[in-house]
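The following exercises concern the arrangement of helices, strands and chains. Study the sequence and the structure, attempt each task, and then read the worked solution.

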Amino acid sequence: MKLIGRTVNRGKAKGEAIVSRIPFSFLGELDPSTGKICSPSHELFGQSLKDKILVCPTGKGSSGGPNVAYLAKKGGNMPRAMIMKEIEPVLAAAILTADIPAIDRLDQDPLECIETGDYLEMDADQGIVEVIKKNSPQI
Amino acid sequence: MKLTEDEKRMLGGEYGPGIQKSMDLLTKWGSLFDAERMVKVNSVHMSTNAATEFVMEMSEGTEKARAFCTTHAVYDPKLWKDKFGLVVEELAGGYATTDQEEFERRMALLKKLGFLPTFTCSPYSIGIIPRANDVLCWTGSSGQVISNSFFGARAGRESVSTCFAAAITGRTPLMGLLKKENRYAELLVKVDKSIDINNFTEADYGALGYFIGGIAGPRNAAIEGLPSDITFDNGRMLLSPLPVSGACVMCHIVGVTPEARTVEEALGGRKPESIMAGERDIVEAYQKLNNATTNEVNMVVIGCPHLTIGDIGELTSLIEGKMVSQNLRLVVGVSNPVYTLAKECGYTKAIEMAGGMFVNSCIGPLNPFMFLKNGVKVAATNSARGAHYMQRMSQGKTKTFYGDMRKCVQAAIKGKWEE
C-alpha cells in the first residue's frame, strides 16, 4: 500500500512502524538517553522508539520538546522518521531540530492504515510512504 | 517564503554558520505553517533547558543575539545546595538540568550573547511589559497568554529551538497568533449574573480561567462581563490556567484587551460558539482543584506565576508576626529582581521570620521539595495553574487544596485546611 502526503522534512528512511494513537510530546514522553517512552500513562510506556518510524496524530505539550529531540538525536536514540496526520508547531520544530525525515497530510489516515510492526519505506522528499503489512508475505 | 535581502544573506551564510542554521530552521518551520514572510522580533523569552551543544551550534560565529532576550524560570542547583542543603538528582518532566557545571557553562554562553539572567516565568513582574502588537517569541505558556490577552502583544506557539533561532536572527516567521486574522475569538464566554464578580478573589478568577480553558481547548476565547478595571494581579490569575486546563493562549477580556474594546472587535465579524459561565461552573472548577481528602497540609505554595511586588506586600500583611506551622513548608515562588525589591521593602524579612521560604527563580509548584523521596502528600495553593501542575507532575501523589491567599496563609499557620 502506498500513501502520499506532504513533506515536513526531507530525507529517506526504512524501518518498523510504532503507532501512538494519542498526540505526542517529546518532553515528558521520550527519555532521550534510552529512546524509550518514559511516561507511565502512555500507551507505549517502556517501548523504544529508537530506529523505528513513529506514527502519531499530531503533537502537543511543552515548548521543551525540540531540546529532547535534539538530545535523543545526538545520543542515537531518535526514531528514524515520523508520520503524522497533521503537524503542529512544537512537534514540527522538534523534527526540524533533530533533522529526521517526516511526512504529514497523507491521502489516507495513517492511524487507520499503519499498525505497530508494519514495515515502512519512506521517501519524504516525494512525500511517499510504502506500507508493507507485518502479516504480508513480502517480508 | 519571501525573504528580505538581509534575511537572504543570513540564509546564505554571510553572517556565519550559526545565523545560517537558525535562519534555515525558521524558514523551514514557517513554510510548514504557510508563513509568507519573516517579521522582526521585539522580545525573546527562552527556557534555558536548550542543550548546551545546541546553543553552541546555532550561535557559531555570532557575537550578539539580534533580539532583546530574557530567560525563563529555572532550577538553579547552586541556590538549592547553598540555601536548603538539597542536591536533587531527578526533577519531574526533565524541565531543567541538575548539573551545576553544565548550568553555568550554558548560562555563560547565553549571557555572552546578551541574554539577561531574569529566570522568571513572569517577565512583566520585573518591568518587561510588551506593547500592543509587539512580536514575542516566548516560551512559557503563562507569559504567552498574559502577553496576548492583557497587553495585546503577539505571542505564538513557540518552542525552545525556534525561540533561540529567533534570538540569533532577530526574525520569526509570520504565522499563527502573530497574524491578526488568527487572533479572533473562537469561543465566547458570557459571565452569568449569578456570579458575584465584584467580590471575586484571585482564586475565584483562577477557577473561572480553569473552567474556560477546559471548554476552549486550543481555541481562542473571549470573556464578556468582567469589570474593565480588573486588577492586573487578578487578570493574570484568570489567564494563567487557560493553557493548562486547555491549550488556549489568546483570551480577549472584553473592555480590557487592547484589541477587544467591544465584543464585535474580539470576534472580528464571526459568530462562534457562545456559552455562559455561572456559579456552578466555578464550583466545579474548585472541586477539580481541591482533590485532597484529609485536612492536613504539608506544603503551601504561593507564587505561580512568580509573584509581583504587590502580591508579596499582600502576603507580608497576612503573615507578619505569625508563625508557619512546624509540620509544613510555606514556599514562595519569586524572581531574583522582585526578591531584591521585596528585601528593600522589608517584606522578605517578615515572611522569612514567619517561617516562609523563598524559592527564587524556580517554578513555585515544581520546587524540588515536591520531588524528594517521600514527596508532598497535600499541598495548598492560590494558583489554579499550580494546583493542576502539582496534581499531575507528582503523578497523582500530591493532592491539592485551592483557595485565595488569605486561606492559604491560614492553612500555613494552622497546618490544616479549613473551609
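**Exercise 1.** In what order do the four strands of the open sheet E9-E8-E7-E10 of chain B lie, and is the pairing parallel or antiparallel? Identify the edge strands as well.

*Solution.* The model is a predicted one.
Step 1. The strands follow one another as E9, E8, E7 and E10 in chain B, and their pairing is parallel.
Step 2. Strand E9 (251-253) and strand E10 (273-277) of chain B each pair on one side only, and they are the edge strands.
Step 3. On average, neighbouring strands of this sheet are turned by 20 degrees against each other, direction ignored.
Step 4. Between strand E8 (residues 221-224) of chain B and E9(B) there are three bridges. Here Ala222(B) stands opposite His252(B) in E9(B).
Step 5. Helix H8 (residues 202-216) of chain B packs on the sheet and touches strand E7 (187-191), E8 and E10 of chain B. The direction of H8 makes about 155 degrees with that of E10(B).

**Exercise 2.** Describe the five-stranded open sheet of chain B and the helix that lies across it.

*Solution.* Step 1. The strand order is E13-E12-E11-E14-E15 in chain B, with parallel pairing.
Step 2. The edges are strand E13 (356-360) and strand E15 (399-402) of chain B.
Step 3. Neighbouring strands of this sheet are turned by 25 degrees against each other on average, direction ignored.
Step 4. Strand E11 (residues 299-302) and strand E12 (residues 329-334) of chain B are joined by four bridges. Val301(B) has Val331(B) in E12(B) as its bridge partner.
Step 5. Helix H17 (residues 405-414) of chain B lies across E11, E12, strand E14 (378-381) and E15 of chain B, at about 150 degrees to E11(B).

**Exercise 3.** Classify the crossing of H2(B) with H7(B).

*Solution.* Step 1. The axes of helix H2 (residues 17-32) and helix H7 (residues 160-169) of chain B come within 9 Å and cross at roughly 125 degrees.
Step 2. H2(B) is therefore oblique to H7(B).
Step 3. The crossing is left-handed.
Step 4. The residues of this contact comprise eight nonpolar, five polar and no charged.

**Exercise 4.** Which helix gives the most residues to the side of chain A that touches chain B?

*Solution.* Step 1. In the contact between the chains, 20 residues of chain A meet 23 residues of chain B.
Step 2. Helix H1 (65-74) and helix H2 (89-98) of chain A are the elements that give two or more residues to the side of chain A.
Step 3. H2(A) gives the most, with seven residues.
Step 4. By class, this side of chain A has 13 nonpolar, six polar and one charged residues.

Notes:
Residues numbered from 1 in each chain as written. Chains lettered and ligands numbered in written order. Predicted model: local features only at pLDDT ≥ 70, side-chain atom pairs only at ≥ 80, totals over all residues. Axes fitted to C-alpha atoms, helices over the stretch in contact; angles between N-to-C directions. Parallel < 35°, antiparallel > 145°, perpendicular 65-115°, else oblique. Left-handed = near helix turned anticlockwise from the far one by under 90°. Nonpolar A, V, L, I, M, F, W, Y, C, P; charged D, E, K, R; others polar. Pairing = 2+ DSSP bridges. Contact = placed C-beta atoms within 7 Å.
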